[in-house]
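Please look over the structure below before reading on. The report then takes its parts in turn.

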Amino acid sequence: MKRPAYYPFKSAAAEKEYLSFYQATAVKLWPVPYVDVMVNTSYGATYVRVSGPQLAPPLVLLPGINASSLMWSPNVGAWSRQYRVYAVDLINDFGRSRDSRLIWHKTDFVNWLDELFTKLGLRKNINLIGMSYGGWLAVLYALAHQERLHKVAMLAPGATVLKMDWQFLRRSVESALWGGKYSETLFNWLFQDGLKKGQDCALTMDDFGNFLYMGTKCFKKRFFVYLTVLSDNQWSNLQVPALFVVGEHEKLYNPHKALQRLKKVAPQVKTCLIPGAGHDLTAVQAEMVNEQVLNFLQA
């Protein structure tokens, strides 16, 4: 069946409403000049927001699920001073990217990213950073195409190191099935540090809540590949210089056990525990995360 012109939105009106919100939010939150780039891939049109000096080393950012490239607004100001930053909207998620074929396996994500990098003119020495779902995608790409990367950083990657905590899975299923108060409960539980910090957050949870609300309101539901945990062998074979950053209050899994496992199976991976933050670490402790990432990239 042919998809309507407004796909992946629910309707033409939903498309107009979301894109208007998206642009207004970008104007409000994105702190540095940027260029809109739309890249046609075999998986669909991929939107990339590009900032920073044209001749600087490339730094690609992959967001968390349902977050879009706008989630990097607390970080791009610091990183784009010395890097050409490519902030990507995932191909089958909220944002301006539009999938034209089903992403049904993790290898599809790897192939999509590889094609995207090539069409952006990024041949090698790519620095790749992913948050949450994007962190999982980043390390999958690193394992498949180590020759193209300079360094890779995983910020609170989903699964990847440990299985998801049962409380997170239960709350996520409740939110998906019944929404309403269950979605609010999940949000408050997952981002409690950001909610406590309030307006002092680099990206307020009100803004992030608006991302989620508008995306859920305007987009059709799409299939998502479930995150996996890397085997001991996969971790030991990761030769690209890598950084793993996690908040001390992370809810997806026990952060201390995650650090313990990496120390055992992948001692070559640099690790960092961020105090006073959970899954909202890039906003709650933006300066600290920015500094850790820059120190790692420049070491």
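What follows covers a central strand, a helix pair, a buried glycine and some unusual backbone sites.

This is a predicted model: local features need pLDDT of at least 70, side-chain atom pairs count only at pLDDT 80 or more, and totals for chains, interfaces and linings use all residues. Residues are numbered from 1 along each chain as its sequence is written, and side-chain values use heavy atoms, with hydrogens and water left out.

**Strand β7 and its partners**

Helices (H or I, at least four residues) and strands (E, at least two) are DSSP runs, numbered from the N terminus. Buried means under 20% relative accessible area, exposed over 50%, and partly exposed in between (1.4 Å probe, protein chains only). Strand β7 spans residues 149–155, and 6 of its 7 residues are buried, so the rest of the structure largely encloses it.

Two strands pair if DSSP finds at least two bridges between them. Strand β6 (residues 126–131) runs parallel to β7, with 6 bridges. Within this pairing, G130 stands opposite M154 in β7. Strand β8 (residues 242–247) is also parallel to β7, joined by 4 bridges. There, A153 faces L243 in β8 as its opposite residue.

Helix α4 (residues 133–144) joins β6 and β7 in a right-handed β-α-β unit. A crossover is right-handed if, with the strands pointing away from the viewer, the path from the first strand over the helix to the second runs clockwise.

**The α5–α6 pair**

Two packed helices are described by the angle between their axes and the distance between the axes. For helix α5 (residues 166–178) and helix α6 (residues 180–190), the angle is about 145° and the axes are 7 Å apart. Axes are lines fitted to C-alpha atoms, for helices over the stretch in contact, and angles run from 0 to 180 degrees between N-to-C directions.

Contact means heavy atoms within 4.5 Å. On the α5 side, the contact residues include F168, R171 and W178; on the α6 side, they include Y182, L186 and W189. By class, this contact holds 6 nonpolar, 6 polar and 2 charged residues. Here Ala, Val, Leu, Ile, Met, Phe, Trp, Tyr, Cys and Pro count as nonpolar, Asp, Glu, Lys and Arg as charged, and the others, Gly among them, as polar.

The buried residues of α6 are L186, F187, W189 and L190. Their cover includes α5, α7 (192–197) and α8 (205–218).

**G215 in α8**

G215 belongs to helix α8. Its relative accessibility is 0%, so G215 counts as buried. Leaving out residues up to four places away in sequence, G215 touches Y18 and F94. G215 and S68 lie 147 residues apart in sequence, yet 9.5 Å apart in space, C-alpha to C-alpha.

**Backbone sites**

Most residues other than glycine have a negative phi, and most peptide bonds are trans. Two non-glycine residues with positive phi are tabulated here.

| Residue | Phi | Loop | Relative accessibility |
|---|---|---|---|
| N66 | about 65° | between β3 (58–62) and α2 (76–79) | 24%, partly exposed |
| S132 | about 60° | between β6 and α4 | 10%, buried |

Which peptide bond is cis, with omega near 15°? The bond from Y7 to P8 is. P8 sits in the segment before α1 (12–29).
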